Amino acid sequence: MTMTLTRISRQAAGWTLLLLFGLGTWMSLTILTGADSVAVGWGNLVRFIERVGSLDFPPLGEILSLSAMTMAIVILGTLLAAVLSIPVAWASASNTTPGPVWRIVGRLTGVIARAVPDVVLAMVFALMLPFGAMPGILAFGLHSVGMISRLFADAIEQSDPGPRLAIRAAGGSRLQEFTAGVLPQVFPSWVATTIHRADINLRGSVILGYAGVAGLGLAMRGAFATLDYARGLAIAVIMLMLCIVMEVISSAARRRLLGVGRSRGGGRRLGPGVVIGLVVALVAGSAWVCRLSLRDLGALWSRGPTVARSFWPPNAGSYGMGRFLAAMGTTLGIALAAVAVCLVGSLVLGSFAARNVAPRPWIRTGCRGVLVVVRALPELVVAIVLIVVTGLGAPAGTLALGVCGIGLLGKLLADSLEENPPGPEQALRATGASRAQVYAGATLPLARRAVIGHVFYLLDTNIRAATILGVVGGGGIGYHLLTASQGGRYGQVTLIVGMIIVAVLAVEGLAIWTRSALR
């Protein structure tokens, strides 16, 4: 009976995935066929390029100052989220949680944290604190908890149960089981996820500029607001360079932490003391750049209750609930269509970007380079350019998320394939299996649950990103979010955020059930 139910559940999960892929494909075809004709779009793009002319870079001193502020905000916000994500992931993972209630609370905390857009959090904190670095740090710190804790919890659930059970049999406490039996296994994954989140936050700093957060994003917002596309795109190039530098540094750190690619007799792993020293130096330097002050936290405490009351109760105002539901439906359609658009490209590039799949090192390096460049492109900038080509609406948002999603999903897939245990692959090679047979018979099946998790991760990321793209005309609920926040209609902001939370909760529940059924 149990075997029959398991088989039925597995088949249902498989059909659900096929249904979602088919729905996403249909949505992408429906949305993209509504764009302007190729001839009109090409003409618009040519005129846009002629108007931009040559890029107008700021003076070197301003570039360094803006870049330092942006990186400091990203570092402090991401590290704050990494620390907060540990107890949330511990409570969320099925093999470490003290009980069902703890797991529900942990999962719900993560979902709410990542469902609330970081730009909304920045707007809220900007009402309490002076415009500057602190709203961005707190926005990244609270929002990123949801993403880091989810992937961290997934890694905990996939860890080897042997060490944990051995510690339990010896009379160890739950805390000892986690710190000695689980954490050493998943520590590299936690660090890799944190570094990956820093990449996302660096690109997200562009969006936070619309909430008044200092740095490159605010400078880019000012340039595009005055139609100074030459300066705005120049700042986007600077952001691209920063993302590439961060990717190079993060890849090197990840190799050291995982002990991958070490030459004989050298290249030791980074020890805990070195890691702690680097973190302390980064925190101290970033705090100095941001000029953090305890008075900011005092202002947060004193103004918080007043600001919080202005966001309650949620209401639709004069628009009516029907218009908000229709706009949210558009946002969900854009998010699902974008996943379908990028899925094949992500699978191909992500596979060949993995060290244990690429037939030649230069192929892996080339694919990693493509993923870095694509991932470094801020969705907001891509959407602005595509709006010129396709016009306002869902097509620009779908294409922007589809293009940028290749970089995000491709990197996650490559990292998951590289983290596979080498045993099954080596066993197949020993029997004379080809590269394709090893990939189909061991590499991909071993990473199946991780791949499914990454796809759902991209989907709920797209839901929030599609919301933000609506701010610049990408279609969906984002337009209403922008007008409500700018007009001081904070009850509508709360209602919209609540709708986003419900959507992300649905995706989270579907992801948990699918991964469990296909275990």
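The questions and answers below concern side-chain pairs, helices and cysteines in a predicted model.

Me: Which residue meets glutamate 418 in a salt bridge, and how many residues apart in sequence are the parts that the pair ties together?
Reply: The partner of glutamate 418 is arginine 355, with a nitrogen-to-oxygen distance of 3.6 Å. Glutamate 418 belongs to helix 16 (residues 394–418), whereas arginine 355 sits in the loop between helix 13 (321–352) and helix 14 (361–376), so the parts tied together by the pair are 63 residues apart in sequence.

Me: Is glutamate 418 buried or exposed?
Reply: Buried means a relative accessible area under 20%. Because the relative accessible area of glutamate 418 is 17%, this residue counts as buried.

Me: Where do aspartate 415 and lysine 411 lie, and are they buried or exposed?
Reply: These two side chains form a salt bridge, at 3.4 Å from N to O. Both residues belong to helix 16, where they are 4 residues apart, or about one turn of the helix. As for their surroundings, aspartate 415 and lysine 411 are both buried.

Me: Which residue forms a salt bridge with arginine 429, and what is the relative accessible area of that residue?
Reply: Arginine 429 pairs with glutamate 425, their closest N and O atoms being 3.9 Å apart, and both residues lie in helix 17 (residues 422–430), about one turn from each other. Arginine 429 is partly exposed, at 41% relative accessible area. Glutamate 425, by contrast, is buried, and its relative accessible area is 4%.

Me: Which residues does threonine 443 touch, leaving out those up to four places away in sequence?
Reply: Threonine 443 has its place in helix 18 (residues 435–446) and is buried, with a relative accessible area of 1%. Not counting residues up to four places away in sequence, the residues touched by threonine 443 are Asn356, Val357, Leu417, Asn420, Glu425 and Val438.

Me: Where is the kink in helix 6 centred?
Reply: Helix 6 (residues 134–157) reaches 34 Å from its first C-alpha to its last, which is close to the 34 Å expected. Of its 24 residues, 23 are buried, so helix 6 is largely enclosed by the rest of the structure. The helix nevertheless has a kink of about 35°, and its centre is serine 144.

Me: What is the angle between the planes of phenylalanine 152 and tryptophan 190?
Reply: Phenylalanine 152 lies in helix 6 and tryptophan 190 in helix 8 (residues 174–208), so their pairing ties together parts that are 38 residues apart in sequence. Both residues are buried. Their rings form a tilted aromatic pair, 6.1 Å centre to centre, and the angle between the planes is 40°.

Me: How many aromatic pairs are found in the whole structure, and what is the angle between the planes of tryptophan 90 and tryptophan 102?
Reply: The search of the whole structure finds 3 aromatic pairs. One of them is formed by tryptophan 90 and tryptophan 102, edge-to-face and 5.7 Å centre to centre, with an angle between the planes of 75°.

Me: How far away is the cysteine sulfur nearest to that of cysteine 404?
Reply: Two cysteine sulfur atoms must lie within 2.5 Å to count as a disulfide, and by this rule the count is 0 disulfides. Cysteine 404, which is in no disulfide, has as its nearest cysteine sulfur that of cysteine 342, at a distance of 9.9 Å.

Note on methods
Residues numbered from 1 in each chain as written. Predicted model: local features only at pLDDT ≥ 70, side-chain atom pairs only at ≥ 80, totals over all residues. Heavy atoms only, no water. Salt bridge = Lys/Arg side-chain N within 4 Å of Asp/Glu carboxyl O. Helix = DSSP H or I, 4+ residues; strand = E, 2+ residues; numbered from the N terminus. Buried < 20%, exposed > 50% of the residue type's maximum accessible area, 1.4 Å probe, protein only. Expected span 1.5 Å × (residues − 1). Bend = angle between axes of the 7 residues up to and from the residue. Contact = heavy atoms within 4.5 Å. Phe/Tyr/Trp six-rings, centres within 6.5 Å; stacked < 30°, edge-to-face > 60°.
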